[in-house]
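Biologist: I'd like to go through this one step by step. Can you show it to me first?

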Amino acid sequence: MSDIERHGVTARYADAVVYNGVIHLVEVPASSGADITLQTREVLASLGRQLDELGSDRTRILMATIYLTDLADAPGMNAEWEAWLPAGSAPARACVQVAGLADPGWRIEIALTAAR
Amino acid sequence: MSDIERHGVTARYADAVVYNGVIHLVEVPASSGADITLQTREVLASLGRQLDELGSDRTRILMATIYLTDLADAPGMNAEWEAWLPAGSAPARACVQVAGLADPGWRIEIALTAAR
Amino acid sequence: MSDIERHGVTARYADAVVYNGVIHLVEVPASSGADITLQTREVLASLGRQLDELGSDRTRILMATIYLTDLADAPGMNAEWEAWLPAGSAPARACVQVAGLADPGWRIEIALTAAR
């Protein structure tokens, strides 16, 4: 199994899994109940930090899936997202409103794949 | 970064990202407010055109995630989907009803991974 | 096209697609209308069996996306999920509540990528 790297493994999920040069990451907000601006900043800051630690960075994201609980949050999320992404490095991106996230105080969850 | 190809990059998303022989694509309808048949045709036509341009084609799709805003649209979407896919080339496929897509007139969004 | 393996191909989807050492799988419950415990067991048993048949196993999952129709089912799903995963092998995982799945009696759908 040494060909698969797992980081931050719990019984339920891993913070990051790396295989064949591709990193899989999912992040949720630290501040349950906060507004979309803070929650998006928290999620992106954590994703960026993890990418850096894994030998990648925010210029190397391949695909993002952004789950929002309220599309009225899309402008606030997009403002943070666009400020966070270096020019020319946007990934393919799906963005959908879901009926709920695992914590009722979360407004956003982001899944990424990135190249190491 | 020359190992990652990005096509149609904006500040928010790329139309397509290619890495290590795998293409990531997400598409939404051109005709906001149109019915599911037209919207599905538009999305699939665009995905097919992009796959062709990237040196792949609709026989080389690995995984599809289909987001619908109304499951009553599933039969209409499936009819277009099955007509579009060459025999024997269907990908793994998740199909879910979401609470909303970024434009209220969109009824479908499709994310694909494909092999070049 | 012999570089892409497809298993259980219908006009609409494949049970599994393998490319470049990565397996894509999506599974839904056999027992429409059953409770979350049985539906989760069915989905995980099928995924495990398919992984085994494809030369992988449940210790080699890279990323999971779990779609639930009711977050009240999350504890029941998580109990089955954690019992099913061998220690130290949890994947990156997104878990969201959707507005519906293709069969109104399904409470869960799981998409996986795994390493062969």
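**Two helices and a strand**

Modeller: Sure, and keep in mind that this is a predicted model. In chain B, helix α1 (residues 36–53) packs with helix α2 (residues 74–84): their axes are 8 Å apart, at an angle of about 35 degrees.

Biologist: What makes the crossing of α1(B) and α2(B) right-handed or left-handed?

Modeller: A crossing is right-handed if the near helix is turned clockwise from the far one by less than a right angle. The crossing of α1(B) and α2(B) is a right-handed one.

Biologist: Which residues make the contact?

Modeller: From α1(B) come B:I36, B:T37, B:T40, B:R41 and B:L44, and from α2(B) come B:G76, B:M77, B:E80, B:W81 and B:W84. They split into 5 nonpolar, 3 polar and 2 charged.

Biologist: Now chain C. Why is strand β7(C) described as largely enclosed by the rest of the structure?

Modeller: A residue is buried if 20 or more other C-beta atoms lie within 10 Å of its own. In β7(C), residues 108–115, 8 of the 8 residues are buried, so the strand is largely enclosed. C:I108, C:I110, C:L112 and C:A114 point one way, C:E109, C:A111, C:T113 and C:A115 the other way, and all are buried.

Biologist: How do you know that β3(C) pairs with β7(C)?

Modeller: Pairing takes at least two bridges. Here 6 bridges join β3(C) to β7(C), and the two run antiparallel; C:I23 stands opposite C:A114, for one.

Biologist: And what makes β4(C) a partner of β7(C)?

Modeller: The cut-off is at least two bridges, and 7 join β4(C) to β7(C), again antiparallel. Among the partners, C:Y67 is bridged to C:E109.

Terms used:
Residues are numbered from 1 along each chain as its sequence is written. Chains are lettered from A and ligands numbered from 1 in the order in which they are written. This is a predicted model: local features need pLDDT of at least 70, side-chain atom pairs count only at pLDDT 80 or more; totals for chains, interfaces and linings use all residues. A residue is buried if 20 or more other C-beta atoms lie within 10 Å of its own, exposed if 12 or fewer, and partly exposed in between; C-beta atoms are placed from the backbone. Helices (H or I, at least four residues) and strands (E, at least two) are DSSP runs, numbered from the N terminus. Axes are lines fitted to C-alpha atoms, for helices over the stretch in contact, and angles run from 0 to 180 degrees between N-to-C directions. Two residues are in contact if their C-beta atoms, placed from the backbone, lie within 7 Å. Ala, Val, Leu, Ile, Met, Phe, Trp, Tyr, Cys and Pro count as nonpolar, Asp, Glu, Lys and Arg as charged, and the others, Gly among them, as polar.
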